[in-house]
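Visitor: Hi! Could you walk me through this protein and let me ask things as we go?
Guide: Happy to, let's have a look together.

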Amino acid sequence: MKTKLSNKMQFQLSAISLALFMCHSSFADTVKPPQPHFNRVHHNKEIVEYMKGYAAAYPNLVTLKSIGKTAAGTDMWMLTINNEKTGKAGDKPATYVDGAIHANEAQAADTVLYTIDYILKNYGKLEKITETVDRSTLYFVPSVSPDSRAKWFDEPSTASYPRSSPWPFDDDRDGKVDEDGPADINKDGVITTMRKKVQMGLGNRKLDPKDPRVLLPLEPGELGDYLLLGQEGIDQDGDGMMGEDSVGYADPNRTWGYDWAPRYIQNGATDYPLQIPETRSIANWALDHLEVSSVISFHNSGRMILRGPGSPTQTPVNAADNRTFDFLGREGEKMMPGYRYMITWRDLYTAYGSTTDHFYGIVGAFGFVPELFGRVMDDANIVRFDPAPKVGDPVRPPSNEPKGYDQMKWNDMLTFGRQFIPFKDAEHPQYGKVEVGGWRQNTGRMPEGWMLEEETHRNAAFVLLNAMHVPKLRFLEPTVKKEGRNLWRVELPLINERAIPSVSNIVIANKLHRVDLATVNGGKVLASGIVRNPYTNQIDLQEHRPERLMVNGVQGFGNTTLYFLVESSGGDIVVNYDSIKGGKLSQKVALK
């Protein structure tokens, strides 16, 4: 039996069908986010395409722009994550993250990419990430040295080359630049090592009797039959040396403006601070983004969480700022097993003109350098050649195997020989017959793909730890007391719920930017200050311009109380607090 539908019902069904069609079309037309796989490192071109994909897939959260050009004219891309519905990027507390300022430290860029990917795909799903994105801004530059990083992928390279900016420099002072770098003698696309078999007694090395791929140093009284010639290369400029004037060498992480030192003190420095456009572009950007209070700059290797000072000549960090560094660094150690929280100059080496020192000394931001990964044979969490003894085990003498053998054993057992290129004969224009072979460029300083993602995630979590702890200011309940006709005393407590202060001590000491500012709308401010002890009526009054109360910030996990003596006939006033690094907030106060 057929039922005839009324015109009204037909219209309703048509409307429903149209709505379903439009809804389906809308979903079909939605740009899908990129799906990178983090079991490998990505070429710069891939990373840029992924960044463009995130901007297209998350237009309400992501903006992408070039903040400058490299020495070779390549765009330096910055991806910004910010929810515009909760405020403009520059008005919120902020975190800056970069990677691969040293081009050979390739997985540093992928760690930044993973952090971007994880935040965007978990916004709206995980409360901590959603809260962080809604109340703050995150700025990302995955690759600070994109030109040299591309060379690392595309041209013969090593684990340590190319490392610097391609800024031309005459390393050997012969009037030429970059003319004598590594050379791929056997044309296999990789720069490895050279060795030469010689008559017994003419060598400086001997073969390991357990593994002929390994050359051992000579013991006192021994004779050697091999010469270790070093990195694969030839004398390209006829000066009798090999590889002494490669691309660069301007170390980008020795070119920043704060605590810079000339080349005779600091290897890799340029002729003057910020000479290369890569670091200069970021430094200029930072001057326009003083809201940044947290900085993470990814490097490799060694499993360290480094912080400044980079040199002992810097003014010691104030105790209050030290507490902030220590809290974040020690929390990082808990999140990343095997990593050590360290002060650069004291615990590692002296380094002038580095990223995090610049951001702390010029912008007043707290910065860390996570050094990704470490040598596998030194880390019992990855592989153990001598398992921990158990009760009842026979006593074993300590291993005296050379570390080169351990590394080779790791290569054979866990990568099935992928990492090491066997030595083969090759003809060299100066040395004649040599043997060429050794470790591939993507070994030693970075993990195998199957080990990469966990370490990347842990370091991304450290970024989020720091981003969660940018200042979070909140007013508490005010205390209001009538002092006379149309005269009111207002005390308004203000707390910081996170570890990073709204004004770091170095900002105050060196006057890097203005401190926080408190003002009142709806009444005339006759006096203002900071309450030191509300129970004994101790107040530090501001001598001049009480209508603009200057506040030296709120310490991490700390508080301060604002004091105003206001002339008003009653009603409500509004207290406004404007913090460059802590954002802006207001509180309505009833005068009654």
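Visitor: How many cavities of 30 Å³ or more does the structure hold?
Guide: There are two cavities of 30 Å³ or more. On a 1 Å grid over the protein atoms alone, a cavity is a set of points where a 1.4 Å probe fits but cannot get out. Grid points are joined across faces, edges and corners, and a volume is the space filled by probe spheres set on the points. One thing to know early: this is a predicted model, where local features need pLDDT of at least 70, side-chain atom pairs count only at pLDDT 80 or more, and totals for chains, interfaces and linings use all residues. Residues are numbered from 1 along each chain as its sequence is written, and side-chain values use heavy atoms, with hydrogens and water left out.

Visitor: What lines the second largest cavity?
Guide: Its lining is Gly 308, Pro 309, Val 317, Phe 325, Thr 356, Asp 357, Tyr 360 and Gly 367; lining residues have an atom within 4 Å of a point. The space in this second largest cavity is about 40 Å³.

Visitor: Which helix gives the most to that lining?
Guide: That is helix α9 (residues 355–363), with three residues. Helices (H or I, at least four residues) and strands (E, at least two) are DSSP runs, numbered from the N terminus.

Visitor: Is α9 mostly covered or mostly open?
Guide: Mostly covered, since eight of its nine residues are buried. Buried means under 20% relative accessible area, exposed over 50%, and partly exposed in between (1.4 Å probe, protein chains only). Among the buried ones are Thr 356, Asp 357 and Tyr 360.

Visitor: What do the buried residues of α9 pack against?
Guide: They pack against β3 (94–99), α6 (277–287), β9 (292–300), α7, β12 and α12 (505–510). Contact here means heavy atoms within 4.5 Å. Just after α9, Gly 364 takes a positive phi of about 80°.

Visitor: New topic. Which residue does UniProt list for "active site"?
Guide: UniProt lists Glu 371, in an unreviewed entry. UniProt positions are given in the numbering used here, feature names are shortened, and annotations may be inferred rather than shown by experiment. Glu 371 sits in strand β12 (residues 366–372).

Visitor: Is Glu 371 buried or exposed?
Guide: Glu 371 counts as buried because its relative accessible area is 7%. Leaving out residues up to four places away in sequence, Glu 371 touches His 299, Asn 300, Ser 301, Gly 302, Arg 303, Met 304, Leu 306 and Tyr 339.

Visitor: Anything unusual about the backbone around there?
Guide: Asn 300 and Ser 301 are joined by a cis peptide bond, with omega about 15°. Ser 301 lies in the loop between β9 and β10 (304–307). Most residues other than glycine have a negative phi, and most peptide bonds are trans.

Visitor: What joins Tyr 161 and Pro 162?
Guide: A cis peptide bond, with omega about -10°. Pro 162 lies in the loop between α5 (146–154) and β5 (193–197).

Visitor: And which residues have an odd phi?
Guide: Asp 259 has a positive phi near 55°, and Phe 416 has a positive phi of about 55° although it is not a glycine. Asp 259 counts as buried because its relative accessibility is 18%, while Phe 416 counts as exposed because its relative accessibility is 72%.

Visitor: Switching again: how many residues are in the largest nonpolar core?
Guide: That core has 48 residues, and those with the most contacts inside it are Ile 81 and Phe 140. Helix α3 (residues 107–122) gives the largest share, eight residues. A nonpolar core is a set of buried Ala, Val, Leu, Ile, Met, Phe, Trp, Tyr and Cys residues joined through side-chain atoms within 4.5 Å.

Visitor: What does Ile 81 touch?
Guide: Not counting residues up to four places away in sequence, its contacts include Leu 61, Val 62, Ile 116, Leu 120 and Phe 140.

Visitor: Last one: how many helices and strands are in the chain?
Guide: The protein chain has 12 helices and 24 strands. Buried residues make up 51% of its 592 residues.

How values were computed
1 Å grid on protein atoms, 1.4 Å probe; cavity = no way out; pocket = protein on both sides within 12 Å on 5 of 7 lines; lining within 4 Å.
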